[in-house]
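Colleague: Please walk me through one part of this model at close range, and then show me how that part sits in the rest of the chain. I work at the bench, so plain words and clear cut-offs would help me most.

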Amino acid sequence: MPVIAPMPAARRTGLPAQRESAEESVAAGTTVDHLTETYRAHYRSLLGLAALLLDDTASCEDVVQEAFIRVHSARSRVREPEKTLAYLRQTVVNLSRSALRRRILGLKLLSKPMPDMASAEEGAYDQLERDALIKAMRGLQRRQREVLVLRYFADMTEAQVAETLGISLGSVKAYGSRGIAALRVVMEAQV
């Protein structure tokens with residue numbers, strides 16, 4: 001009958017030390033409680049941000065939920081809890097981009113065209129203006145559209161937009177002014 005040797009003493013003491021270091025690293029990052037409070041306070045604003053970048057509610061909800069899941073799983077890397085919202089915004093923007101890329105690929109592979117949106121007669125005058133603005137926004141360059149959505153629809157400062165998109169403050173100003181100028185030209189042509 002084989003004899004089973006006891007576990008060496010060094011190994012036994014190493015396990016609690018590993019657990020302690022793992023707990024310390026989580027304690028150094030964003031806590032679950034802080035993330036929960038951020039969820040309660042900012043879920044709707046993040047959903048609105050996703051809605052401005054995407055066009056259907058289900059995808060927006062999926063993107064925001066996925067953003068919270070990803071930040072939760074990487075919360076030990078968020079060293080400063082006050083930056084949790086910035087990480088979430090960046091994640092929502094990146095996931096929205098990915099969703100749009102997948103849609104474009106799906107449309108390329110789709111053999112028949114998608115049906116048009118509802119006719120103008122079915123909506124009110126506000127809906128007509130909104131549709132015109134959305135159409136004009138879709139005609140902008142990607143960065144211009146992202147800057148305008150974050151700056152004016154998500155009500156972020158230029159510095160927050162720069163941090164969220166990972167570009168300089170000067171680039172935010174340039175993309176914003178060029179985007180507004182392009183929108184003005186398109187919207188005036190429709191009148």
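Modeller: Let's begin with L52, which counts as partly exposed because its relative accessibility is 35% (under 20% is buried, over 50% is exposed and partly exposed lies in between, with a 1.4 Å probe and protein chains only). This is a predicted model, in which local features need pLDDT of at least 70 and side-chain atom pairs count only at pLDDT 80 or more, while totals for chains, interfaces and linings use all residues. Residues are numbered from 1 along each chain as its sequence is written, and side-chain values use heavy atoms, with hydrogens and water left out.

L52 belongs to helix α2 (helices are DSSP runs of H or I with at least four residues, strands are E runs of at least two, and both are numbered from the N terminus). Together with Y152 and F153, L52 makes a nonpolar surface patch of about 300 Å². Such patches take residues with over 30% relative accessible area and no salt bridge, joining like charges within 9 Å and nonpolar side chains (Val, Leu, Ile, Met, Phe, Trp, Tyr) within 5 Å; the areas come from the Shrake-Rupley method with a 1.4 Å probe, and for residues only the protein chains shown count as cover.

Now for α2 itself. This helix covers residues 32-53, 22 residues in total, yet its end C-alpha atoms are only 28 Å apart, short of the 32 Å a straight helix would reach (the expected span is 1.5 Å times one less than the number of residues). α2 also has a kink of about 60°, centred on H42; the bend at a residue is the angle between axes fitted to the seven residues ending there and the seven starting there. Its buried residues are L35, T38, Y43, L46, L47, L49, A50 and L53, and they pack against α3 (57-73), α4 (84-109) and α6 (142-153).

In the loop between α2 and α3, D56 forms a salt bridge with R103, the closest N and O atoms being 2.4 Å apart (a side-chain nitrogen of Lys or Arg within 4 Å of a carboxyl oxygen of Asp or Glu). This pair links distant parts of the chain, since R103 is in helix α4, 47 residues from D56. D56 counts as partly exposed, with 28% relative accessibility, and R103 is partly exposed too, at 25%.

Among the packing partners, α3 holds a salt bridge between E66 and R70 at 2.9 Å, N to O; the two lie four residues apart, about one turn of the helix. E66 is partly exposed at 30%, and R70 is partly exposed at 44%.

In α6, 12 residues should span 16 Å, and the end C-alpha atoms are indeed 16 Å apart. R143 and E146 meet there in a salt bridge of 3.6 Å, and both are buried. Salt bridges with shared partners join R97, R142, R143 and E146 into one network.

Over the chain as a whole, there are eight helices and zero strands, and 28% of the 191 residues count as buried. Of the contacts (heavy atoms within 4.5 Å) with a separation of 6 or more, 66% come from residues 24 or more positions apart.
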